Amino acid sequence: MMKKIIIFLLMFFLCIPLFTQTPKNVILFIGDGMGLSLIDLARIVLKGNDKYLNFEKAPTVGLTKTYCADNLITDSAAAGTAIACGHKTKQYWLGVDRNNKHVLNLVEIAHAMNKKTGVITNVTVTHATPAAFLFHGTNRRNECEIAEQYLENNNIDLILGGGKAYFLPSTDPESQRYDKRNLLQEFQEKNFNVVLDKHQLAASVLQTKKILGVFYKNDLPYAIDYPYESQLIPTLSEMTSHAIQYLSKHQNGFFLMVESGKIDWAMHAHDAGSAIQEIAQLEKAYQVALDFLETHPDTLILVTADHETSGMGLGTGRNLYPQVFSNQKMSVYSFANMYLKDNMSFRDVRQLFQQHFQIDQIENKDLETIFEVDSKEWYMRKRMRGVAEIIAKQVCIGFTTSGHTGQSVPVYAIGAGHESFSGVYENIAIFQKIQNFLQIEKKE
């Protein structure tokens, strides 16, 4: 009998972690469009074949299924809602279930637990992923309406990113609003600190007011393009550092979502070189969270993606030549807009590729794609994708689509409660596991 009891206890403790700690703070990183093949490529380029990205060293790794309620291939709205709210919903829908019923998100739940809350992105703050944590509706495209609903949201303490154009009145030349409402002024009237550059952000986190930071009229620049942009625009890691400094002053803890949204935008354009540098910036932001974890072990840190973008394959031949990306010094978006003109000769374009990417062997048929009739695509024009694919061809990587795919994506977990995130599960389980921790803490 005693032998059976011992065997039972051994099996019990092998199946359940002995010291699963309930997190007081949760920091959730979402690399929009960040699939496993891109992570592999970024590791090779940034660290080397036999090394690891810092978040790959997390002690617990899982995989999530990304399909949504009405499609095997999700969009960022439905995928973000699954993570933020724990419900599979339809494409383009935010903060509602498949029946268009409002559902609670992690920001609302954390606020109800008397925690501070924050949302960060390097695209517009009204874009799909941040909106999944702050908005309820069926039209992700109406970013003006999303901005208006943010104004009525009493659950959020900090919002940082781009998209100032959706808060400015239509009389402002940078505005993308359809009316004369000045939402920046209205946020100030609701006792928010409205900050427009990184110096104002640094000063605001020392105060107790809620913070709205919009640092560019649209999405923030690609990480690789920061040397060409205003030095007043904070990076993803700088925003993360200031946010943690601000939110951690609260004794009951906090929930923070940090989106690296430009990974997705780069991969829509097949600009893998820019996406790699976005992951490098995500690494820096993650390191900020790791440093916080060292002195706050009651913190859970997660890194995941909402879906994979582009269906990138690492290999169109017998080898890869990733060192080509080491010579890329700007995004193809900036390259195409700054240098390419309709009346250029192939010789002129070859000189530009040599100057900016150290690429000089380009076939005429590849150059022809750059000057084909442009198509009005959502993220990137055909010219930009043509440039990116010339670079990709040198590396020997390929793409199956300019959109999203139905692949599973990884989850990396470290800190309090990390053991709960191993295995293969639905993306809605991320919400469920975090929610369970919050409920446990409430009971305690």
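**Figure 1. Overall fold of the predicted chain.** The chain is built from 16 helices and twelve strands, where helices (H or I, at least four residues) and strands (E, at least two) are DSSP runs numbered from the N terminus. This is a predicted model, in which local features need pLDDT of at least 70, side-chain atom pairs count only at pLDDT 80 or more, and totals for chains, interfaces and linings use all residues. Residues are numbered from 1 along each chain as its sequence is written, and side-chain values use heavy atoms, with hydrogens and water left out. Along its principal axes, the C-alpha trace spans about 80 × 60 × 40 Å. Of the 444 residues, 57% are buried, buried meaning under 20% relative accessible area, exposed over 50%, and partly exposed in between (1.4 Å probe, protein chains only).

**Figure 2. Close-up of N114 in the loop between α4 and β3.** N114 lies after α4 (106-112) and before β3 (116-124), and its phi is near 65°, a positive value in a residue other than glycine. Most residues other than glycine have a negative phi. Because its relative accessibility is 44%, N114 counts as partly exposed.

**Figure 3. Close-up of N191 in the loop between α7 and β5.** The loop that holds N191 connects α7 (183-189) with β5 (192-195). Although N191 is not a glycine, its phi is positive, at about 70°. With a relative accessible area of 46%, N191 is partly exposed.
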